Amino acid sequence: MPPFARPVAAVSLLLVPAAVSAATQDTQAWFSQSLTAPIGNSNTLVVELAERARSAASDGDLYQYRIGADHTLAKGVSAGVSVVYIHSNTKTETRLMQQLDLTRGAWSSRTRLEQRMTDDSAITGWRLRQRVEWRLLLDHAKHWTLRANAEGFFTLNRMTPSDLLGLSALRTQIGVQRRVDDHLRLQLSWLRHQNFRPARADSIANAPWLTLNYSM
């Protein structure tokens, strides 16, 4: 068995969509651009823009703006904080986020805690997001990398009476990243995002996702 066969099998299981008897489907297109810049020896500034082309049934197009900072605690361990502003045709949202990133070999994890404040609720929503990712270099020059991840969204309190507590969404993604040079990376992925809704059919979004990252 090739050495990478077992990780591939494990990630494949993570990427299997959750079975549903009925669901609303939406095909979208996601784009994001980010800039990272060092601040001192162990800190990094992160600025990110994101756009999602969505149908009217999914509240129309969405735009997201994030600024934050990451701090390296040790080799393969970093922590960060961010502020995010999101708006669509029907809603605006401000988020505060704290996260912990761990990396070991081909595997990495991100644990993110969010406080969500929207214009249609007086309650601040608390949500935990847990992502696990696996990476495989595809060439000796390290220009091409296969990346696959799965992320669970866990709602910790209700902002509205209909909110589902616990695991409320699952996002899976697989794609190829291209390192253009020491600063620029491009990635094209296929994403599937499923929101679990107990009182009605789940909503599922499928989207190609193009990301651009420039590191100073």
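A salt bridge is a side-chain nitrogen of Lys or Arg within 4 Å of a carboxyl oxygen of Asp or Glu. Keep that in mind as we walk through this predicted model, because side chains of opposite charge can pair when their charged atoms come close. Here's one to start with: the side chains of Arg 135 and Glu 133 meet in a salt bridge, with N and O 3.5 Å apart. How exposed are the two partners? Arg 135 has a relative accessible area of 22%, so it is partly exposed, while Glu 133, at 3%, counts as buried.

Other salt bridges join up through shared partners, and one network takes in Glu 93, Arg 95, Arg 110, Glu 114, Arg 116, Arg 127, Arg 129 and Glu 151. A search of the whole structure turns up eleven salt bridges.

Take Glu 114 as a way into that network. One of its salt bridges is with Arg 95, at 3.4 Å from N to O. That pair ties together distant parts of the chain: Arg 95 sits in strand β6 (residues 92-104) and Glu 114 in strand β7 (residues 107-118), 19 residues apart. Both Arg 95 and Glu 114 are buried. Glu 114 also forms a salt bridge with Arg 127, where the closest N and O atoms are 2.9 Å apart. Arg 127 belongs to strand β8 (residues 125-137), 13 residues away from Glu 114 in strand β7. Arg 127 is buried, just like Glu 114.

Now step back for the overall picture. The protein has one helix and twelve strands, and the helix comes before the strands when you read along the sequence. Of its 216 residues, 37% are buried. The accessible surface comes to about 12,200 Å², and 61% of that belongs to carbon and sulfur atoms.

Next, the aromatic rings. How many aromatic pairs does a search of the whole structure find? There are two. Trp 30 and Trp 209 form an edge-to-face pair, 5.1 Å centre to centre with 70 degrees between the planes. This pair links strand β2, home of Trp 30, to strand β12 (residues 202-215), home of Trp 209, across 179 residues. Both tryptophans, Trp 30 and Trp 209, are buried. The other pair, Tyr 65 and Tyr 85, is stacked: 6.4 Å centre to centre, with 20 degrees between the planes. Tyr 65 is in strand β4 (residues 62-74) and Tyr 85 in strand β5 (residues 77-87), 20 residues apart. Tyr 65 counts as partly exposed because its relative accessibility is 36%, and Tyr 85 counts as partly exposed at 37%. Back at Trp 30, Arg 52 lies over the face of the ring, 3.8 Å from its centre.

Two threonines round off the tour. Thr 36 is found in strand β2 (residues 29-39) and, at 16% relative accessibility, counts as buried. Its C-alpha is 7.7 Å from that of Asn 213, though the two residues are 177 apart in sequence. The side chain of Thr 36 makes a polar contact with the side chain of Ser 215, at 3.3 Å.

Thr 155, in strand β9 (residues 144-155), is buried too, with a relative accessible area of 15%. Its side chain makes a polar contact with the side chain of Ser 168, at 2.8 Å. Leaving aside neighbours within four places in sequence, Thr 155 is in contact with several residues, among them Trp 126, Leu 164 and Arg 127, and Arg 127 takes us back to the salt-bridge network.

Notes: Residues are numbered from 1 along each chain as its sequence is written. This is a predicted model: local features need pLDDT of at least 70, side-chain atom pairs count only at pLDDT 80 or more; totals for chains, interfaces and linings use all residues. Side-chain values use heavy atoms; hydrogens and water are left out. Helices (H or I, at least four residues) and strands (E, at least two) are DSSP runs, numbered from the N terminus. Buried means under 20% relative accessible area, exposed over 50%, partly exposed in between (1.4 Å probe, protein chains only). A polar contact is a pair of N or O atoms within 3.5 Å; within protein, one must be able to donate a hydrogen and the other to accept it, and residues adjacent in sequence count only if both atoms are side-chain atoms. Rings of Phe, Tyr and Trp (its six-membered ring) pair if their centres lie within 6.5 Å; planes under 30 degrees apart count as stacked, over 60 as edge-to-face and the rest as tilted. A charge sits over a ring if NZ of Lys or CZ of Arg is within 6 Å of the ring centre and within 35 degrees of the ring normal. Contact means heavy atoms within 4.5 Å. Accessible areas come from the Shrake-Rupley method with a 1.4 Å probe; for residues, only the protein chains shown count as cover.
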